[in-house]
Protein chains: 2
Amino acid sequence: MKVTKEQSTLNKEKILVAASKLYREHGIDGIGIGELSKSVGLTHGGFYRQFPEGKEQLVSEAIARTFDEYCAHWSTKRSAKSIVKGYLSSEHLQNKQDGCPMPTLAADVARAGGAVSETYTDGLRRMLTVISEKKDGDSDHTSEEKAMQMMASMAGALMIARASSDQALAKKFMSSVIKLWNDDTTTA
Amino acid sequence: MKVTKEQSTLNKEKILVAASKLYREHGIDGIGIGELSKSVGLTHGGFYRQFPEGKEQLVSEAIARTFDEYCAHWSTKRSAKSIVKGYLSSEHLQNKQDGCPMPTLAADVARAGGAVSETYTDGLRRMLTVISEKKDGDSDHTSEEKAMQMMASMAGALMIARASSDQALAKKFMSSVIKLWNDDTTTA
DNA sequence: ATTATCTATAGATCTATAGATAATGC
DNA sequence: ATTATCTATAGATCTATAGATAATGC
C-alpha cells in the first residue's frame, strides 16, 4: 500500500492537475474528494495525508496551479490583441477545463473567501502583469488600467457566452468584445 | 395544514423571492430545498406540490424573476452611463443578493444548461433591450454591439472585484471599466 | 372531496477520521 | 520504524417520495 516518496509526490501532482481541470468544469462544489481521488486511481482516505488541511488547502493549491498554467499560456502570445482573439474563440468557449479561471471560478471564489480568495487575488495580479508586458500601439507595454479593462470585458463576454443557450447570441457577445479592442486607438 | 388558495399562491411567491436572493448569494448548489423552505417558514415536503418538476423548475422560475426585477431596476436609469456607474458601485459590490444575476449566476447556469440556460438567455436578451433603449451621445438609442460590450465589461469587472481579497485591487477593476465608458466617444 | 402542507424516510451524496495494511527507507 | 494508502464508518447534508393530516371550497 505504501508507495515510494517519489510516487507519493507524483500522486499529489496528479490530484492537483485533476482538481484544476474538474473545478473549472464543474465548479468548486461540483466535485468531491471521493470522485476526485477516484479519477486519479486513489481512494479518498489517503487524501488527507497529502492535504492535511482538507478541501480548502486543495482548492487553494489547485487554483495557484491553474493561474500558473494560464499565465504561461498567455506568455506565449505576442500582443494583447492576440490574447483577446484567442480568449474569445470557440475553442475557449467550448473548453472550460483548460480555460481561464476567471469566467469559471471567480463567482465560486467570491463565495468561498478566505485563503482561496487570497490565492485567487495573487493569480489575478499575475495575469495583469503578463498583459502589461505586452506591446500596445506605440508603447512597449500596456497600462494597468487597460489590462484591467481587457480582462474584465473578456472574462465577462466568455462567461455570458457560456451561459447562453443561443449560440448566435454567444458569438455576438464574444465578437463585440473582440471588436472593442480591435477598433481601439488609445494608448493609455 | 391546508391553507387558502390565495395563501398558497403567496407561499410560492415567498419561495421564489427567497430563492432569487439566496441563489445570487450562495450559488445554485449552495441552497437546498430544505433550507429554502425553512427560510420562508415551510417544510420541504410541501415544496413538491408547488414545484412538481423539482429543483430545476424552481431555479428556472427564480431566475426569470431575478431578471424581471433587475431589468426593472435598470429601466429607472436615464442613460447607459448611469447604469454603468450604479453597476460598478461599492453598494452593488457588497450586495450580491439583490444585484445583477450575471456575475453571480452565469457560471452556475453554464454548468446547469437545459431549461435553466434557456430562461437565463431570455433574461440576457431582455437586459440588452433595456440598454439599447437608452440614449448614447447623439443617438436616442444604444447599439446592440455597444450594449453587449457594456454588459460583458461590467459583469466581468464586478465578478472579479468580488473574488478579490484586496479591496484596492477590486476598486481599480471597477473604476477602470467606469472610465472605459466615460471616456468613450464612439456612437456605434 | 380536494388539496396544501407536514412528518418520516429512502437513498445518494459530502467531508472527515480511525485504524489496518504493507511497502519504503532507515 | 515510518508512512502512503486503503477500508470502513460517522455524521451532515441533499433531492425526492409516500402517506398522514386538517382546512378549504364545493
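Buried area is the accessible area, found with a 1.4 Å probe, that two parts lose on being put together, summed over both. With that idea in hand, we can walk through this structure, which is a predicted model, starting with a single protein chain, moving to the contact between the two protein chains, and ending with the two DNA strands.

Chain A contains 10 helices and 0 strands, and, when it is read along the sequence, its pattern is α-α-α-α-α-α-α-α-α-α. The C-alpha trace of chain A spans about 60 × 40 × 25 Å along its principal axes.

How is chain A related to chain B in space? A turn of 180°, with a shift of 0.0 Å along the axis, lays chain A on chain B with an RMSD of 0.0 Å, and the two copies are therefore related as by a two-fold rotation axis. The contact between them uses the same surface on both copies, since 100% of the contact residues of chain A recur in chain B.

That contact deserves a slower look. It takes 45 residues from chain A and 45 residues from chain B. The size of an interface is often given as the accessible area lost when the parts come together. Here the area buried between chain A and chain B is about 3,700 Å², and carbon and sulfur atoms give 66% of that area. On the side of chain A, the residues that lose the most area to chain B are A:Arg111, A:Met148 and A:Met159, which together make up 16% of what that side buries.

Polar and charged pairs also cross between the two protein chains. Side chains of opposite charge can pair when their charged atoms come close. Between chain A and chain B the count is 8 salt bridges, while a search of the whole structure, over all chains, finds 26 salt bridges. In one of the pairs that join the two chains, A:Asp108 forms a salt bridge with B:Arg111, and their closest N and O atoms are 3.5 Å apart. This pair runs from A:Asp108 in helix H7 of chain A to B:Arg111 in helix H7 of chain B, which covers residues 101-112. A:Arg111, already met among the residues that lose the most area to chain B, has its own partner, for its side chain meets that of B:Asp108 in a salt bridge with an N to O distance of 3.4 Å. Across the interface of chain A and chain B, there are also 18 residue pairs in polar contact, with both residues at pLDDT 80 or more.

Which helices of chain A each supply at least two residues of the side that touches chain B? They are helix H1 (5-26), helix H7 (101-112), helix H8 (114-132), helix H9 (144-163) and helix H10 (167-182). The largest share of that side, 14 residues, comes from H9(A). Sorted by class, the residues of the side of chain A that touches chain B are 22 nonpolar, 11 polar and 12 charged.

We now turn to the DNA, beginning with strand C. Of the 25 residues around DNA strand C, those that come nearest are A:Ile33, A:His44, A:Tyr48, B:Asn11 and B:Thr43, a list that draws on both protein chains. Among the atoms of this strand within 4 Å of the protein, 63% belong to sugar or phosphate and the rest to bases. Individual contacts illustrate both kinds of atom: a polar backbone atom of A:Ile33 is 2.6 Å from a phosphate oxygen of DNA strand C, and a polar side-chain atom of B:Thr43 lies 2.7 Å from a phosphate oxygen of that strand, whereas an N or O atom in the side chain of A:His44 is 2.7 Å from a base nitrogen. The elements giving two or more residues to the surface near DNA strand C are helix H2 (33-39) of chain A, together with helix H1 (5-26) and helix H3 (47-50) of chain B.

DNA strand D is likewise surrounded by 25 residues, of which the closest are A:Asn11, A:Thr43, B:Ile33, B:His44 and B:Tyr48. Of its atoms within 4 Å of the protein, 64% belong to sugar or phosphate and the rest to bases. The side chain of A:Lys2 has an N or O atom 3.2 Å from a base oxygen of DNA strand D, and a polar side-chain atom of A:Arg49 lies 3.3 Å from a base nitrogen, while the side chain of B:Lys55 has an N or O atom 3.0 Å from a phosphate oxygen. By class, the surface near DNA strand D has 7 nonpolar, 12 polar and 6 charged residues.

Methods: Residues numbered from 1 in each chain as written. Chains lettered and ligands numbered in written order. Predicted model: local features only at pLDDT ≥ 70, side-chain atom pairs only at ≥ 80, totals over all residues. Heavy atoms only, no water. Contact = heavy atoms within 4.5 Å. Salt bridge = Lys/Arg side-chain N within 4 Å of Asp/Glu carboxyl O. Polar contact = N/O pair within 3.5 Å; in protein donor to acceptor, adjacent residues only side chain to side chain. Helix = DSSP H or I, 4+ residues; strand = E, 2+ residues; numbered from the N terminus. Nonpolar A, V, L, I, M, F, W, Y, C, P; charged D, E, K, R; others polar. Least-squares fit on C-alpha atoms with pLDDT ≥ 70 in both. Near = heavy atom within 4 Å.
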